[in-house]
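Here is a short report on a predicted model. It covers a barrel, a pair of domains and a contact between chains.

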Amino acid sequence: MSSETKQILTTDGIPLEVSLKKAERKNKIKAFLLVAPLLLFLIITYVFPIGDMLFRSVDDKMVTQMLPKTFKAMENWDGQELPEEEVFAAFHEDFIKLVEDKREGKLSTQLNYTKNGFKSIIKKLRRKSKSFEEGNYKEQIMSVHKRWADVEYWRAIKRRAPEFTSQKYLKGMDMYVNEEGKIVSVEEDRRIHRVLWLRTLEIAFFVTVFCFLMAYPIAHLLATLPMKYSNLLMICVLLPFWTSLLVRTASWMILLQQQGIVNDFFVGIGLVADDNRPEMMYNKTGSYVAMTQILLPFMVLPLYSVMKTISPSLMRAGKSLGGTPFVAFWKVYFPLTIPGIGAGCLLVFILAIGYYITPALVGGASGTLISNQIAFHMKSTLDWSFASAMGLMLLSGVLVIYWLYNKLVGIDNIKLG
Amino acid sequence: MALKKDFVKFDKVDKSYDGKVLVVKDLQLDIEEGEFVTMLGPSGSGKTTCLMMLAGFETPTNGEIYLDGRAISSIPPHKRGIGMVFQNYALFPHMTVYENLAFPLRVRKIPKDEADKKIDKALSMVSLQGFASRMPGQLSGGQQQRVAVARSLVFDPQLVLMDEPLGALDKNLRESMQYEIKHIHENIGVTVVYVTHDQSEALTMSNRIAVFNDGKVQQLSSPDELYEKPVNSFVAEFIGENNTFVGEVSDISGGKCKVKIANTDILANPISVKGKGEKTKISLRPERALINPSDQMDNIHSGKIEEVIYHGDHTRVRINLLGNNQFILKVPNSSANLDIKLGKDIKIGWNSEDARALDPS
């Protein structure tokens, strides 16, 4: 048999494939035009800004462009001793230009990220540089402040030469590039991010577990109750969705605070002493309780949609074949709900890992997550590139989890409804 | 070993779901060991409820069910040891055919080599050898059905319940499966209680049929008796085709009765009428009424042909007879019967033996 397939022609003699494409082209164009506005909207408002934001995490062009001559002159400097006069001269030239443009403040901020202490000496340099004489800039600059005579500060400047940098990512892992260019961890007492990462994972994990334990019976009830009751229950499950997230979190604050309703109740029934009320808020407990409640519907709904499709006769078959109710549940019902469990857990875990408002309000110091740190850098320190670096790390974490899940369970096993 | 007469016994069983309506009323039913009994009835007649009570998924509101002499109302389903085939097969979709069949054996802690033998045997019984490693989703409807049957038999239960197992299959497959299930039953001699609303299925397969209506067993007898000798007008109308006349008994004597219909008297067989003046409904099977009747027949009347439907081997003729314009006649396709034409008047006759005067409802 020949492997070559004969080309089929239409009655007009045009190859069938060509004819088919032609016939379908119009529909394809129509379909594309229909989605084009949304596509454009997404690109403009979603893909582009996020891409730009993520690019900031590695972009270090600002310093590169502010000190172009300096870095050119530094190319031949080995970094062992203080640089030669030509570097100082180039730096002076760049700096004067920056002062003219009133951009030296930005430079000081940027350099200060790399090494503390740049802010004041740049300010001083600006004042003194007005009275500099031509020639021998090395002497003149070094006399401004003793740090200008310290080789480490010059090394710090050189480290900012590349257009792209990974230092924000290292900082997110509590690491940095030291004077020798090696990647090392910061001192023990200054490590804050690693703790936050671990705590984020821990809280997301336990919130997922709690959600699963609570949602499974609810979803089962929803799927098996008669319509009349299951509708009512469904409304109860969905009710939180119709309430503002802030309102829900605030109501947890009312319930959980030390003088709150839950504590009052415990004192009332004599479970705890009035002067020894437990702290249930502004710590991990607060984050656990509030996040579990808020994320519960995201677990209930996928589970429900899967359980709804499981015929009750399967459990009956399991029992009639001799399985005890537990065996019938464990061997027949439970395995069939795994797609729902996978979907629910993945959804809750991913939502929890990036949760922000609730932990910020009820988490206190020990209950905040990495996203609160990201928000802090977005709003307070204005170190957007660091915030975006941590955002990308969070995103890659989620993608890794997604990948792992796909390897273990298979993503096509997921059922959201 | 003598077969027990009352292997399964429903004793005065009532069932109500809401405390207001009885779905099953005072059910009294004995099923012999090794018998194939079908519960037949329209939907909502209580037949499935009876099956579910037997399987243990519903509890009787009153009365008791006995299995092999034991009262089973308080025994949970998994301890009853009853095999069951469900309407939608209820195969476990995440298990292979082998695992499906192994399930009842595993929970009974039967050693693997013995279990494998049983599974092989059960699969060969439904001629599905070589399908053990398939998933149920990869099988056709008929194959799934056979796996379900094999699974219900693999642990050698004494009693197998089948709840409309062939309802989802197409007509041809359904018919061949009917024979297959019948043969399996004959070969292994297990007691089968079968629920269906399809009368031809019931007639084909069963030793005895219990016709359900309104929560009660209307008649429990063999298929031929059910068809030939229905005891009330519900059974007569539910099983097979039926021509009816509604009238009043004008005379009753010597095993025959006269019933007055549209100013004409016809002779009938008094089944549930006792005396003069009673209202009655006469039931007559279409194939018992003949055209061009011989003179020995004691009922001969003439009517007008209103509709003729050609069916190949026979012709269905609708006739307006004694004021009943729904009188159906089945005329065999033969050269003697070629003169059947629309609008013609013809003579029709039947024996009074075949016209059963039943209750008027």
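## Barrel, domains and chain contact

In chain B, Pro270(B) faces Ala357(B), which lies in S20(B). The two strands concerned are S13 (residues 264-270) and S20 (residues 356-358) of chain B; they run parallel and are joined by two bridges. Both belong to a closed barrel of five strands in chain B, in the order S11-S12-S13-S20-S14. Its pairing is mixed. On average, neighbouring strands of this sheet are turned by 55 degrees against each other, with direction ignored. In general, strands of a sheet pair through backbone hydrogen bonds, either parallel or antiparallel.

Chain B is divided into two domains. Domain 1 spans 8-235, and domain 2 is made of 241-290 + 299-358. Over C-alpha atoms, the centres of domain 1 and domain 2 of chain B are 38 Å apart. Domain 1 of chain B gives four residues to their contact, and domain 2 of chain B gives six residues. The side of domain 1 of chain B that touches domain 2 has two nonpolar and two polar residues, but no charged ones.

Chain A also touches chain B. The table lists what each side brings to the two contacts.

| Contact | One side | Other side |
|---|---|---|
| Domain 1 and domain 2 of chain B | domain 1: four residues | domain 2: six residues |
| Chain A and chain B | chain A: 15 residues | chain B: 19 residues |

On the side of chain A, helix H15 (312-320) and helix H16 (325-353) each supply at least two residues. H15(A) provides the largest share, six residues. By class, this side of chain A has seven nonpolar, six polar and two charged residues.

Key: Residues are numbered from 1 along each chain as its sequence is written. Chains are lettered from A and ligands numbered from 1 in the order in which they are written. This is a predicted model: local features need pLDDT of at least 70, side-chain atom pairs count only at pLDDT 80 or more; totals for chains, interfaces and linings use all residues. Two strands pair if DSSP finds at least two bridges between them. Helices (H or I, at least four residues) and strands (E, at least two) are DSSP runs, numbered from the N terminus. Axes are lines fitted to C-alpha atoms, for helices over the stretch in contact, and angles run from 0 to 180 degrees between N-to-C directions. Domain bounds come from an automatic or database domain assignment. Two residues are in contact if their C-beta atoms, placed from the backbone, lie within 7 Å. Ala, Val, Leu, Ile, Met, Phe, Trp, Tyr, Cys and Pro count as nonpolar, Asp, Glu, Lys and Arg as charged, and the others, Gly among them, as polar.
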